[in-house]
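Grab a pencil and take your time with the exercises that follow. Each one sets a task and then walks through a solution step by step.

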Amino acid sequence: MKLSENWLRELVEIPVGRVELAHRLTMSGLEVEDIQILGQGLDGVFVAEIVAAEKHPDADKLRVCKVDIGRGQPLQIVCGAPNARVGLKAPLATVGARIGEITIKPAKLRGIESNGMLCSGRELGFDNDADGLMELPADAPVGETLAGFLSLPDAIIEIGLTPNRSDCLGMHGVAREVAAEFGVVARIPEIPAQPATHADSLDVQLASPQDCPRYCGRLLRGINARAASPQWLKERLRRFGIRSISAVVDVTAYVMIETGQPMHAFDASTLVGPVRVRRASKGESLKLLDERMVDLDEGFLVIADSSKAVALAGIMGGHETRVTEATTDVFLEAAYFAPSSISGRARRLGLHTDASHRFERGVDPTLPRQAIERATALLIGIAGGSAGPVVEAVCAEHLPSRTAVPLRRARLQRILGVAIADTEVGRILESLDMQVSKTAEGWIAVPPSARFDIVIEEDLIEEVARIHGYERIPVQAPRGEITPAAIPENRVAIAALRLQLAARGYAEAISYAFVAADLLKAWGIDESAITLANPLSAELAVMRTSLLPGLVSALDANRKRQQSRVRLFECGRSYHAGESTPIEVERLAGVAVGDAGLEQWGEPCRPIDFFDLKGDVESLIRLTGSAAEEFRFEAGAPAWLHPGRSATIWRGTQRVGYLGALNPRLQKTLDLDADVFVFELEVAVLVQRHVPVAAKLSRFPSVRRDISIVLADDVPYAEVEATIRRAIPERLVEIVLFDRFTGPHLGKGVKSLAMGLILQDGSRTLTDQDADNCVNLAVSALATGCKAKLRGQDGADEG
């Protein structure tokens with residue numbers, strides 16, 4: 001939002017200079033982003049009139065002009081501007097004046113003396129796009145300084161508004177804010193009603209009252225569309241970066257920057273029947289003022305007559321109903337559009353207009369009639385004509401209402417940390433145009449109609465703090481001790497899992513929670529994916545259902561940057577569509593590729609395999625303090641894992657997750673050049689921890705017995721270990737698997753396992769007979785549960 005300092009000072013008596021004003025605006029929440037000074041260094045520049053102009057004898061593009069500046073004889077000026085002509089009034093820089101980096105001196109151009117310079121808007125720093133001399137109005141007083149005539153110097157202050165402060169998108173709104181800041185009363189002129197001098201009007205119908213609950217219109221007849229806007233109006237528009245087009249367009253733009261209410265003017269002769277505010281029809285098209293043809297759907301709101309759409313509501317008018325020089329009758333429009341009906345519509349069409357910028361944030365619903373009256377007075381004063389009655393269609397039930405908001409004195413002091421006098425609080429709230437009543441606990445305030453953002457008590461506290469001055473609130477360190485949340489003993493801390501993986505050579509990664517839909521489809525895990533309604537891009541269109549796609553993508557990116565050995569892990573959430581609300585699952589995932597260990601001289605390199613990854617996962621499991629038999633690894637996993645090199649991890653009846661090599665087909669789809677091993681675990685199941693309990697150590701020695709068994713190759717070791725532990729639960733301390741052997745002399749589909757059983761009793765030393773009994777129980781259980789035999793027994797191979 002740009003504002004003119006001179007105009008602002010006309011509306012408010014500001015007791016400070018420009019620098020302090022900018023500081024106070026910023027501290028009150030209207031951040032000053034830039035200040036552009038206009039009209040500095042215009043000493044020696046006057047309003048001048050060309051009284052004679054002849055072609056230069058030696059140059060086709062130059063003219064020799066006689067210029068009157070109201071001081072004796074006209075000056076001779078050689079000028080090359082294409083619009084230099086007799087009767088034109090333009091700025092003249094006299095000898096000695098400094099324009100930019102140039103000091104004006106007497107000169108000869110192609111042999112003809114020139115005693116000054118006629119100036120363009122670009123040369124004076126007013127308009128970078130200006131072409132030719134800056135044309136001043138015909139009634140500009142010759143000889144007056146240009147700065148005096150244009151009310152210069154001035155400063156254009158650009159403020160950055162947060163979306164909630166749409167009330168400051170007009171000069172009147174900023175003036176009220178500044179008046180409250182300095183404790184003065186804004187001099188905002190009353191807008192009197194303009195009497196109707198004819199009875200003609202156009203009916204207005206609200207076909208979509210929830211989108212447009214208020215629409216005002218007025219028919220003006222007999223205007224002169226060719227009438228020129230007065231210089232003061234053009235100048236104010238120019239300082240806001242708005243180019244003067246015509247009196248009608250200029251007036252609507254001026255009312256918008258003055259009051260904050262966007263307006264539009266239609267050529268009334270192009271409208272047929274009543275004006276209707278309705279939703280667009282699917283497939284309906286409209287040619288806009290910028291001559292762009294847009295295709296609309298039911299999501300757009302349009303202004304229409306009885307036969308067609310004539311404007312895109314809250315965004316831009318239509319080309320066919322625009323005001324031209326031939327226009328004599330004008331229909332003025334000012335309306336309140338619900339922000340939800342305008343928000344995002346302009347962006348869908350690649351547009352951003354002053355109107356859409358305001359309506360998306362919310363415009364004061366009481367402004368439309370005032371804007372109509374103000375525009376009527378200005379336009380009749382400039383272009384003549386007569387006004388009909390104001391036609392207003394309103395649906396009160398859909399208009400926003402402002403509810404009373406309580407403010408407690410104790411709450412105000414607690415939040416701000418300082419006591420503010422009751423009289424000061426009341427003054428601040430009233431200066432912001434709130435209706436304030438005092439209560440035993442504090443105040444009740446009803447916000448003005450323009451303040452959509454004041455809804456709860458904290459909003460009022462913010463307003464008091466802003467106007468009172470953030471700098472006047474003492475800075476105090478917070479008191480009190482913050483007690484960190486204790487991690488229950490029966491849970492493993494997430495930080496401990498991270499540290500364990502880092503110790504085993506993994507680097508932590510953070511990948512996007514949004515991924516491409518095609519990526520999840522390639523993995524075959526897109527069934528419960530949540531699609532975003534408004535994604536940043538097609539590559540970030542759905543929420544991840546697993547951490548692995550993002551991690552594998554990161555691994556691949558590292559591989560393509562000459563990192564042959566990569567270990568990555570991530571702890572984060574996956575997201576799944578639920579029956580009513582999305583389901584979030586916290587997971588821990590890891591990926592690995594390359595050699596099992598770092599390159600060294602002591603042993604040869606070998607590629608990572610399933611058991612290396614299983615060891616990493618088991619190191620996490622050991623943090624839970626669980627008994628070995630509580631977790632088990634079962635062959636088989638989802639289709640995205642290798643069918644022969646993968647496992648599902650269980651904790652009792654709860655599935656913890658999966659690990660293994662990626663399916664070769666998936667690796668080919670992802671264009672991975674090496675075997676990639678992955679694991680993904682559900683944190684909630686994994687982190688359940690057994691609290692250690694002190695137990696008495698046995699004073700008696702342990703005994704070791706080794707057994708070697710032969711059994712089918714498809715029987716997992718986990719089942720063997722569980723069978724032995726069930727057979728001798730009390731005296732078995734540990735099982736050590738120290739050999740696994742397969743070979744043709746054992747037979748196809750057969751393996752041999754050699755294990756050491758560590759036995760111990762808490763009450764006495766075990767005898768050889770005790771140890772043998774334990775071995776016999778284990779062998780018998782293995783024979784029954786695993787179809788295993790002692791190696792060398794009953795013809796089992798001794799080799």
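**Exercise 1: a strand with two partners**

In β26, the bridge partner of V436 is A445. Keep in mind that you're looking at a predicted model.

Task: Work out which strands β26 bridges to, and in which direction they run.

Solution. Start with the pair you already have. V436 belongs to strand β25 (residues 435–438), which is joined to β26 by four bridges, and the two run antiparallel. Now look at how β25 leads into β26: they form a hairpin, with three residues between them.

Next, look for another partner. Strand β24 (residues 405–408) is also joined to β26 (residues 442–446) by four bridges, again antiparallel. You can check this with P406, whose bridge partner in β26 is I444. L407, for its part, stands opposite W443 in β26.

Task: Which side chains of β24 are buried, and which are not?

Solution. Begin with the general pattern: in a regular strand, side chains alternate between the two faces of the sheet. Then walk along β24. V405 and L407 point to one face and are buried. P406 and R408 point to the other face and are not buried.

**Exercise 2: find the edges**

Task: An open sheet has the order β13-β16-β19-β20-β21. Find which strands stand at its edges.

Solution. First, read the order: five strands, with mixed pairing. Then go to the two ends. β13 (204–206) and β21 (316–317) each have a single partner strand, so one side of each is left without a neighbour in the sheet.

Now zoom in on one pair inside the sheet. Strand β19 (residues 301–304) and strand β20 (residues 309–312) are joined by three bridges and run antiparallel. On β20, L312 is the bridge partner of V302.

Task: Do the same for the open sheet with the order β28-β30-β29.

Solution. This sheet has three strands, and the pairing is antiparallel. Its edge strands are β28 (514–515) and β29 (530–531), each of which pairs on one side only. To see one of the pairings, take β28 and strand β30 (residues 542–543): two bridges join them, and they run antiparallel. F514 stands opposite M543 in β30.

**Exercise 3: helices that cross**

Task: Describe how helix α20 (residues 717–727) meets helix α21 (residues 768–786).

Solution. Take the axes to begin with: they come within 9 Å and cross at roughly 130°. That angle makes α20 oblique to α21. The crossing is right-handed.

Then list who touches whom. From α20 come E719, V720, T723, I724 and A727, and they meet L777, A778, A781, L782, G785 and C786 in α21. Sorted by class, the residues of this contact are eight nonpolar, two polar and one charged.

Task: Repeat the steps for helix α6 (residues 247–259) and helix α10 (residues 367–383).

Solution. These axes come within 9 Å and cross at roughly 140°, which makes α6 oblique to α10. The crossing is right-handed. On the α6 side you'll find A247, V248, V251, Y254, V255, E258 and T259, which meet L367, A371, R374, A375, L378, L379 and I382 in α10. The classes come to eleven nonpolar, one polar and two charged.

Task: Now try helix α2 (residues 18–27) with helix α4 (residues 171–182).

Solution. Here the helices pack at about 100°, with axes 11 Å apart. That makes α2 roughly perpendicular to α4. The contact is made by L21, R24 and L25 of α2 together with V178, E181 and F182 of α4. In this contact, four residues are nonpolar, none polar and two charged.

**Exercise 4: backbone oddities**

Task: Find where E291 and D433 sit, and say how exposed each one is.

Solution. Start from the usual case: most residues other than glycine have a negative phi, and most peptide bonds are trans. E291 isn't a glycine, yet it has a positive phi of about 70°. You'll find E291 in the loop between β17 (285–287) and β18 (293–295). Its relative accessibility is 54%, so E291 counts as exposed.

D433 isn't a glycine either, and its phi is positive at about 65°. D433 is in the loop between α12 (422–431) and β25. At 42% relative accessibility, D433 counts as partly exposed.

Task: What is the peptide bond from L152 to P153, cis or trans?

Solution. Check omega: it is near 5°, and the bond is cis. P153 lies in the loop between α3 (146–149) and β12 (154–160).

Technical notes: Residues are numbered from 1 along each chain as its sequence is written. This is a predicted model: local features need pLDDT of at least 70, side-chain atom pairs count only at pLDDT 80 or more; totals for chains, interfaces and linings use all residues. Side-chain values use heavy atoms; hydrogens and water are left out. Axes are lines fitted to C-alpha atoms, for helices over the stretch in contact, and angles run from 0 to 180 degrees between N-to-C directions. Angles under 35 degrees count as roughly parallel, over 145 as roughly antiparallel, 65 to 115 as roughly perpendicular and the rest as oblique. A crossing is left-handed if the near helix is turned anticlockwise from the far one by less than a right angle, and right-handed if clockwise. Contact means heavy atoms within 4.5 Å. Ala, Val, Leu, Ile, Met, Phe, Trp, Tyr, Cys and Pro count as nonpolar, Asp, Glu, Lys and Arg as charged, and the others, Gly among them, as polar. Two strands pair if DSSP finds at least two bridges between them. Buried means under 20% relative accessible area, exposed over 50%, partly exposed in between (1.4 Å probe, protein chains only).
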